[in-house]
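Okay, thanks for coming, everyone. I'd like to walk you through one structure today, starting from the inside. Let me put it up on the screen.

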Amino acid sequence: MKKRWIFLSILLIFALSACASRSAEQFVEEPAYAPVYEAPADQSKDAYNEEMGAAGEMSPEEATARLVIKQASMRVSVADPSQAMRSVMSLAEGMGGYVVSSNQWNSIDSSGKEYAQTSVNIRVPSERLEEAMQKIREMAADGENGVLSESVSGQDVTSDYVDSQSRLRNLEAAEQQLVKLLESATDLQYTLEIFRELTNIRSEIEVLKGHIKYLEESAALSSVAVEFVAEASLQPIQIGPWKPS
């Protein structure tokens with residue numbers, strides 16, 4: 001009876017402390033990189049660490065800076081879209097990143113001429129995102145107006161990251177207690193109950209570890225989506241001596 005009460009107490013502690021979802025997060029296995037953090041612009045790194053540590057929201061090791069996932073998109077006119085796409089692919093690999101996807105197709109303008117268009121999605125180390133974007137800007141056929149559009153967005157996932165690590169520690173602590181109970185269990189029904197709960201907890205642990213890894217790698221490698229259009233396709237139509245301004 002005493003063992004059963006101990007078992008039920010652990011289950012109660014687990015239920016109160018571990019709020020992880022049982023649905024597995026989908027993530028892509030990618031090369032491992034150390035996460036890159038960003039401190040708030042209006043606060044020094046030391047002050048931020050002290051504040052977060054005092055508030056109890058982060059451990060001293062975790063309270064380093066914020067975890068931000070960055071995504072950039074660009075649309076650039078170039079002389080040769082196919083060559084530009086290959087250059088960006090080489091750029092990503094040279095920076096220690098990789099190519100996520102690439103695509104090439106042909107478009108026809110109103111005069112019936114056919115032009116190539118390409119798109120490529122790469123990932124580069126977050127600290128080199130601006131460097132990569134600058135190199136892509138330099139590929140434009142027109143140095144002043146060759147970049148047709150450009151945007152950068154960031155998603156702060158610090159809270160999710162810290163919360164996931166906290167839940168992971170709670171689950172691992174519950175796992176250790178259940179393992180001890182399982183080793184000392186003698187009743188068959190009692191053993192089966194512990195084993196079933198231990199299996200559920202280990203499943204939760206794997207889901208959280210995958211989610212944490214996904215956040216770290218997404219923040220360490222920024223995404224850059226680029227579309228290249230042929231400069232010739234943007235030139236005004238000319239019919240004989242007449243050309244619209």
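Let's start with the largest nonpolar core, which has 21 residues. The ones with the most contacts inside that core are Val 124, Ile 136, Val 224 and Phe 228. Before I go further, please keep in mind that this is a predicted model.

So where does this core come from? Five elements supply at least two residues each: strand S2 (66–78), helix H3 (81–94), strand S4 (114–125), helix H4 (129–137) and strand S6 (221–230). H3 gives the most, with 5 residues.

Take Val 124 and look at what it touches. Leaving out residues up to four places away in sequence, the list is Ala 92, Met 95, Gly 97, Leu 129, Ala 132, Ala 220, Leu 221, Ser 222 and Val 224. There's also another core, lying apart from the one we've been discussing, with 19 residues, among them Leu 178, Leu 208, Ile 212 and Ala 219. As a general point, nonpolar side chains tend to be buried together in soluble globular proteins.

Now, two valines around the first core I showed. Val 88 is in helix H3. Is Val 88 buried or exposed? Its relative accessibility is 0%, so Val 88 counts as buried. Again skipping residues up to four places away in sequence, Val 88 touches Val 120, Ile 122, Ile 136, Met 139 and Phe 228. And here's a long jump along the chain: Val 88 and Val 224 are 136 residues apart in sequence, yet their C-alpha atoms are 10.0 Å apart in space.

The other one is Val 78, over in strand S2. Val 78 has 2% relative accessibility, so it counts as buried. Its contacts, with residues up to four places away in sequence not counted, include Ala 84, Met 139, Phe 228 and Val 229. Glu 231 is on that contact list too. From C-alpha to C-alpha, Val 78 and Glu 231 are separated by 5.2 Å, with their positions 153 residues apart in sequence.

Let's move to the helices. A pair of packed helices is described by the angle between the axes and the distance between them. Here the pair is H5 (residues 158–184) and H6 (residues 188–220), packed at an angle of about 155° with axes 9 Å apart. Angles over 145 degrees count as roughly antiparallel, so H5 is roughly antiparallel to H6. Their crossing is left-handed. What kinds of residues make up the contact of H5 with H6? We get 17 nonpolar, 4 polar and 9 charged.

One residue to look at in H5 is Val 162. Val 162 is buried, with a relative accessible area of 9%. The C-alpha atom of Val 162 is 9.1 Å from that of Ile 212, and the two residues are 50 apart along the chain. You've met Ile 212 already, as one of the residues in the 19-residue core.

Okay, let's zoom out to the whole chain. How many helices and strands are there? The count is 6 helices and 6 strands. Reading from the N terminus, the order is α-β-α-β-α-β-β-α-β-α-α-β. Of the 245 residues in the protein chain, 35% are buried. And if you take contacts between residues at least 6 apart in sequence, 77% of them join residues at least 24 apart. That's my tour, so let's go back to the picture and talk.

Definitions and conventions. Residues are numbered from 1 along each chain as its sequence is written. This is a predicted model: local features need pLDDT of at least 70, side-chain atom pairs count only at pLDDT 80 or more; totals for chains, interfaces and linings use all residues. Side-chain values use heavy atoms; hydrogens and water are left out. Axes are lines fitted to C-alpha atoms, for helices over the stretch in contact, and angles run from 0 to 180 degrees between N-to-C directions. Helices (H or I, at least four residues) and strands (E, at least two) are DSSP runs, numbered from the N terminus. Angles under 35 degrees count as roughly parallel, over 145 as roughly antiparallel, 65 to 115 as roughly perpendicular and the rest as oblique. A crossing is left-handed if the near helix is turned anticlockwise from the far one by less than a right angle, and right-handed if clockwise. Ala, Val, Leu, Ile, Met, Phe, Trp, Tyr, Cys and Pro count as nonpolar, Asp, Glu, Lys and Arg as charged, and the others, Gly among them, as polar. A nonpolar core is a set of buried Ala, Val, Leu, Ile, Met, Phe, Trp, Tyr and Cys residues joined through side-chain atoms within 4.5 Å. Buried means under 20% relative accessible area, exposed over 50%, partly exposed in between (1.4 Å probe, protein chains only). Contact means heavy atoms within 4.5 Å.
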